[in-house]
Amino acid sequence: MRPLVLALAFSALAPFTASPAFAQVADEEKVNLVIVYGEDQCPESTADMITVCARKSEGERYRIPETLRESISPQNEAWTNRVKAYETVTATGTMSCSPVGVGGWTGCSGRLIDQAYAEKRADPGIRAGELIAAEREKRLAKIDTEAAETQADVEQQEEQILARRKLEQQASGNPVTSGADSELPPPPKPN
């Protein structure tokens, strides 16, 4: 009896799982970020995926990635940084960012600004965005070049058709005058 109940339950759920709301549609471009070292070749981009390569020196090939080299855990903190922290324990007054002393709060905004710029410099996503934009520019330039070549081919074919029609009219005994070009029907449109 149980297999029958399970079969009925799955058949009841089948219309919901096959609906377009559950289908995954990939309308966005796919971007493949690849790190290549030394003289290694960068894989080619395909029609549905942009490949962006970041080239690093050969010496970086077997090193720990930069994002994993630094750790913020207290156990990995250098002794010199700990000593500097002890030196600033009693720093009070103007530009100290402490609740003690006159104007102690004035250093906090500067410290926050410095921290924000340091985070921005360390963000690896900024460079990847520039590489993606550069790759898109290359693709757009290629599309414009291909469109210009196609247009030139179409114009050349139209000229050949017009010349062939003039020759056919001359062969049939109809003289072609200077205004005959306007009397010719337009060439067929390319598919």
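**Close-up 1. Surroundings of Glu135 in helix α5 of the predicted model**. Glu135 lies in helix α5; helices (H or I, at least four residues) and strands (E, at least two) are DSSP runs, numbered from the N terminus. With a relative accessibility of 13%, Glu135 is classed as buried, where buried means under 20% relative accessible area, exposed over 50% and partly exposed in between (1.4 Å probe, protein chains only). Not counting residues up to four places away in sequence, Glu135 is in contact with Ser45, Ile50, Thr51 and Val52 (contact: heavy atoms within 4.5 Å). The model is predicted, so local features need pLDDT of at least 70 and side-chain atom pairs count only at pLDDT 80 or more, while totals for chains, interfaces and linings use all residues. Residues are numbered from 1 along each chain as its sequence is written, and side-chain values use heavy atoms, with hydrogens and water left out.

**Close-up 2. The second largest pocket, with Glu135 in its lining**. Glu135 is joined in this lining by Glu44, Ser45, Thr46, Lys138, Arg139, Lys142, Ile143 and Glu146. A pocket is an open set of points on a 1 Å grid over the protein atoms alone, where a 1.4 Å probe fits, with protein on both sides within 12 Å along at least five of seven lines; lining residues have an atom within 4 Å of a point. The space amounts to about 180 Å³, the volume being that filled by probe spheres set on grid points joined across faces, edges and corners. By class, 6 lining residues are charged, 2 polar and 1 nonpolar (nonpolar: Ala, Val, Leu, Ile, Met, Phe, Trp, Tyr, Cys and Pro; charged: Asp, Glu, Lys and Arg; polar: the others, Gly among them).

**Close-up 3. The largest pocket**. This pocket holds about 780 Å³ of space. Of its 26 lining residues, Lys56, Glu66, Thr67, Ala122 and Pro124 lie nearest the centre. At least two lining residues come from each of β1, β2, α2 (66-69) and α5 (125-171), and β2 provides the largest share, 5 residues. The lining comprises 14 nonpolar, 10 charged and 2 polar residues.

**Close-up 4. The disulfide of Cys42 and Cys53**. The sulfur atoms of Cys42 and Cys53 are 1.7 Å apart, and the count is 1 disulfide (a pair of cysteine sulfur atoms within 2.5 Å). The link is right-handed, with 80° about the S-S bond. It connects distant parts of the chain, 11 residues apart: Cys42 in the loop between β1 (30-37) and β2 (49-56), and Cys53 in strand β2. Cys42 counts as partly exposed because its relative accessibility is 27%.
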